[in-house]
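Reader: I would like to go through this model step by step, with each answer showing how its conclusion is reached. Could we begin with a single pair of charged side chains and work outward from there?

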Amino acid sequence: MSETALRVAPQDYAPPDVINRWRMRALIIGLPFAVISAFCVYKNGGLFLQSWLVAFMFWLGLTLGSLTLLMLQYTSGGNWGRLGRRFWEAGTRTLPLIALFFIPILLGMKHLYQWTDPKVAAKLGSAKIALYLNPKFFILRAVIYFVGWGFLAWRLGRWSQREEAEQTTPAQFVFIQNLSGFGIVFYGLTITFASIDWTMSLNPQWWSTVWGMLFMVGEVLSTFAFTIVLLVRLAQVEPISRMFKTDYLHDFGKLMFAFVVLWAYLSFSQWLIIWSGNMLSEINWYRIRLHGGWQYFGPVLIFFHFVFPFALLLSRNLKRHGRRVVMIALLILVMRFVDLFWQITPNFHPGEMSNMDWREIAMYFVNPIAMGGLWLAFFFWQLGKRPLMPVNDPHFVEMLEAKHG
């Protein structure tokens, strides 16, 4: 009897009007900054590309983090994942836009990567320059990454549409689980090589064995933080408000806490191993970041990316308090951008940070806002096209019964 009472249809969870308002606000902010960004390309393409790369890696993280959490939800199950599934599906559908954002990096790779200059590559004298870091192979790998990610996003999105139309069976779901398991492994491999290609190769004489893991953890952490912000905002309006439970917010808070700790562990492990090895070719990466104004970013990341969120998220009550946990999530999103800035930008300014003039500094605000406004507008457009809950998921009724029980 209760199951009949709780029976729902996709239209019962139609997206609220506030999503369209958010989309318009994102466009209103993003388009003017995009015009400024385009003007900067005309004036100084090199400066534009340096800040564009930082912005690209940040927004790529939200897209791929969404894909990863979507695959994780299909493999592991859990009501927390069903609550976030539509957010992550919308995030994966921004991948074509991210691919367009990557085009300037391909076109301007000679301004970013010193190994593209044959003379510089010859001076570096490393076999990996010729065998791995060459423009043609670089482009081919990028195509493989985006095609693979795009296929996974398309296949999971197609399954979701068929499930919504009640055209799926439990036997077919086994294939999606297996595909998601394979996809997580594929993501781990491709983001490792992509992070090497797009960021670590900015200094081709330096390497780290945990570099790919740092990006994996950072992207998932960013997506958890973004999901918490969306969830709390939408929990105030229909249809999310009718089924929202504080326990779900608590689950997301615990997962965000876990990835904050994992990021700190990997970051400290990388520093400890490289510093204790005391090899000039390895420690130089840190030496650049410990002088000339760059040294201030280290303590900022330690305290505001780890210590402060760690201490606050230990509290059970805070993780269950919407406004407070949103503030922590927003702080983490800002720190994720600061971390990427600290990883990438000193490669272009290995001396004094003061060598950066006001135009360069301004570009590190303009490009992320321009790209972010367009990304968010596209994201909210996709989010507004589908019901906000997977009502035909076999376990969705259990979520409603738990809410009413």
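Reader: With which residue does Asp247 form a salt bridge?

Author: The model is a predicted one, and the distances here are computed from it. Asp247 is partly exposed, because its relative accessible area of 34% falls between the cut-offs of 20% and 50%. The closest N and O atoms of the pair are 3.8 Å apart, which is within the 4 Å limit for a salt bridge, and the partner of Asp247 is Lys245.

Reader: How many residues apart are Glu163 and Arg85, the pair that links distant parts of the chain?

Author: Glu163 and Arg85 form a salt bridge in which the closest N and O atoms are 3.1 Å apart, and both residues are buried. Glu163 belongs to helix α9, whereas Arg85 belongs to helix α4, which covers residues 79-92. The pair therefore bridges two helices, and its separation in sequence is 78 residues.

Reader: Which residues are joined into one network by salt bridges that share partners?

Author: One salt bridge is formed by the side chains of Arg86 and Glu164, with an N to O distance of 3.4 Å. Because Arg86 lies in helix α4 and Glu164 in helix α9, this pair ties together parts that are 78 residues apart in sequence. Arg86 counts as buried at 3% relative accessibility, while Glu164 is partly exposed at 24%. Through shared partners, the network consists of Arg86, Glu89, Glu164 and Arg386.

Reader: Is Glu166, which has a positive phi, buried or exposed?

Author: Glu166 is placed in the loop between α9 (135-164) and α10 (170-198), and its phi is near 60°, a positive value in a residue other than glycine. Its relative accessible area is 65%, and since the cut-off for this class is over 50%, Glu166 is exposed.

Reader: Where is Pro239, to which the peptide bond from Glu238 is cis, found?

Author: The peptide bond from Glu238 to Pro239 has an omega near 5° and is cis. As for its location, Pro239 is found in the loop between α11 and α12.

Reader: Which helix supplies the largest share of the largest nonpolar core?

Author: The largest nonpolar core has 125 residues, and those with the most contacts inside it include Phe56, Met57 and Trp198. The largest share of this core is 18 residues, and they come from helix α3 (residues 45-76).

Reader: Against which helices do the buried residues of α13 pack?

Author: Helix α13 spans residues 280-288, and its buried residues are Glu282, Ile283, Trp285, Tyr286 and Ile288. These buried residues pack against α11 (211-234), α12 (246-277) and α16 (322-344).

Reader: What is the area of the nonpolar surface patch that includes Phe308?

Author: Phe308 lies in helix α14 (residues 297-313). Its relative accessible area of 39% makes it partly exposed, and because patches admit residues with over 30%, Phe308 passes that cut-off. Together with Val300, Ile302, Phe303, Phe304 and Val307, Phe308 makes a patch of about 510 Å².

Reader: What is the radius of gyration of the chain, and why does it agree with that of a compact globule?

Author: The chain has 18 helices and zero strands, and buried residues make up 54% of its 405 residues. Among contacts between residues at least 6 apart in sequence, 82% join residues at least 24 apart. A compact globule with 405 residues would have a radius of gyration near 22 Å, so the chain agrees with it, having a value of 22 Å.

Terms used: Residues numbered from 1 in each chain as written. Predicted model: local features only at pLDDT ≥ 70, side-chain atom pairs only at ≥ 80, totals over all residues. Heavy atoms only, no water. Patch = residues over 30% accessible without salt bridge, like charges linked within 9 Å, V, L, I, M, F, W, Y side chains within 5 Å. Areas by Shrake-Rupley, 256 points an atom, 1.4 Å probe, with all protein chains shown as cover. Helix = DSSP H or I, 4+ residues; strand = E, 2+ residues; numbered from the N terminus. Buried < 20%, exposed > 50% of the residue type's maximum accessible area, 1.4 Å probe, protein only. Contact = heavy atoms within 4.5 Å. Core = buried A, V, L, I, M, F, W, Y, C linked by side-chain atoms within 4.5 Å. Rg over C-alpha atoms; globule rule 2.2 N^0.38 Å.
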